[in-house]
Amino acid sequence: MNVSEWIQIIFLALVQGLSEFLPISSSAHLILPAQLWGWEDQGLAFDVGVHLGTLIAVVVYFRQDILLLFKAWILSLKGVSTSEGLLSWLVILGTLPAVIAGGLFVSAIEHWGRSILIIAVTTIVFGALMGLADVYRSERRSLSEINVKDAVWIGLAQAMSLIPGTSRSGSTITAALLLGFDRQSAARFSFLLSIPVTFGACVMMMARVQTGVSVLPLEMLFLGALVAGVSAWCCIHLFLKWIASIGMMPFVIYRMILGAVLLLVYFFGSGS
């Protein structure tokens, strides 16, 4: 393996780690290197590695919350009702739409959703929706006030993010803001929802990794997972720290620029 391949691994893992949790669409970013520089797809094993890295990052960051929710969930099975127990069930409920949509439409999305044009349009359209949700937010509710109806709507928004360019965190935060939650509560619930979904994605991709095919060396896969994990942890920490003050508008502007670049690539580049 030459130096350029190591650089590609580090760059792609860094992009995955940062764009997985920021509301800017990881699929939009990962398609650009291939289109602009002709980089080859690193393969499904690499995708598994970087997703495992981001999964470990979010689990480590929210380890106390996860432990608390898990204990409360166990108690709820025994008939003990707590606010944490309710939240644990709402995380499960909010995950179901994405699981169902993934099972029903994953093949169609993989076939039709990889077009640069589709990713460019969804990047811009959902970016605009995110901007409207942030501008007209009421922030009258906190995470402690979330209910079944909220979890269903946010879960449906997460299912929409299966369309490349939409952004999982962007769609769920947008839905939560429209439902009246403050920015930090919206982001926190979005990150909690990401844990079972990312785990499920890893399991699905692992099942599809074919044995006997050429994959990246183990050390490259480990490096990709490490870079994705560290960058994702830093991203979560900084996003939750700054979201209340910076809002969503910097990401909206960035998405508009990114969408415009993708449109230029589609109409004037080699992509189609």
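Q: A residue is buried when its relative accessible area is under 20%, exposed when it is over 50%, and partly exposed in between (1.4 Å probe, protein chains only). Are Arg141 and Asp150 buried or exposed?

A: Both Arg141 and Asp150 are buried. The model is predicted, so local features need pLDDT of at least 70 and side-chain atom pairs count only at pLDDT 80 or more, while totals for chains, interfaces and linings use all residues. Residues are numbered from 1 along each chain as its sequence is written, and side-chain values use heavy atoms, with hydrogens and water left out.

Q: What makes Arg141 and Asp150 a salt bridge?

A: A salt bridge requires a side-chain nitrogen of Lys or Arg within 4 Å of a carboxyl oxygen of Asp or Glu. In this pair the closest N and O atoms are 2.4 Å apart, and therefore the pair meets the cut-off of 4 Å. Side chains of opposite charge can pair when their charged atoms come close. The whole structure holds four salt bridges.

Q: How do you know that Asp65 and Arg188 form a salt bridge?

A: Their closest N and O atoms are 3.1 Å apart, and this value lies within the 4 Å limit. The bridge links distant parts of the chain, as Asp65 belongs to helix α4 and Arg188 to helix α9 (residues 183-208), 123 residues apart. Asp65 has a relative accessible area of 22% and is therefore partly exposed. Arg188, at 27%, is likewise partly exposed.

Q: Why is the pair of Asp134 and Arg183 said to tie together parts that are apart in sequence?

A: The two residues form a salt bridge, with their closest N and O atoms 3.0 Å apart. Asp134 lies in helix α6 (residues 116-135) and Arg183 in helix α9, so the bridge joins parts that are 49 residues apart in sequence. Asp134 and Arg183 are both buried.

Q: Why does the span of helix α1 agree with what is expected?

A: A helix is a DSSP run (H or I, at least four residues), and helices are numbered from the N terminus. The expected span is 1.5 Å times one less than the number of residues. Helix α1 (residues 3-19) has 17 residues and should span 24 Å; its end C-alpha atoms are 24 Å apart, which agrees. Its buried residues are Gln8, Ile9, Leu12, Ala13, Val15, Gln16, Gly17 and Ser19.

Q: What is the reach of helix α4 from its first C-alpha to its last?

A: Helix α4 (residues 63-77) has 15 residues and reaches 21 Å, close to the 21 Å expected. Just after α4, Gly79 takes a positive phi of about 95°.

Q: What makes Tyr61 and Phe62 an aromatic pair that is edge-to-face?

A: Rings of Phe, Tyr and Trp (its six-membered ring) pair if their centres lie within 6.5 Å; planes under 30 degrees apart count as stacked, over 60 as edge-to-face and the rest as tilted. By this rule the count is nine aromatic pairs. Tyr61 and Phe62 lie 5.2 Å centre to centre with 70° between the planes, and therefore both conditions are met. At 23% relative accessibility Tyr61 is partly exposed, whereas Phe62, at 0%, is buried. Tyr266 and Phe267 are also edge-to-face, at 4.9 Å centre to centre and 85° between the planes.

Q: Which residues do ring pairs link into a cluster?

A: The cluster consists of Phe21, Tyr61, Phe62, Phe191, Trp233, Phe239 and Phe251.

Q: Why is there no bond between the sulfurs of Cys234 and Cys235?

A: A disulfide is a pair of cysteine sulfur atoms within 2.5 Å. The structure holds zero disulfides. The closest cysteine sulfur to that of Cys234 is in Cys235, 8.7 Å away, which is too far for a bond. Cys234 is partly exposed, because its relative accessible area is 35%; Cys235, at 5%, is buried.

Q: Why is Leu104 called exposed?

A: Its relative accessibility is 62%, and this value is over the 50% cut-off. Leu104 is found in helix α5.

Q: Why is Ala157 called buried?

A: Its relative accessible area is 11%, which falls under the 20% cut-off. Ala157 has its place in helix α7 (residues 148-160). Ala157 and Leu117 are 40 residues apart in sequence and 21 Å apart in space, C-alpha to C-alpha.

Note on methods: Helices (H or I, at least four residues) and strands (E, at least two) are DSSP runs, numbered from the N terminus.
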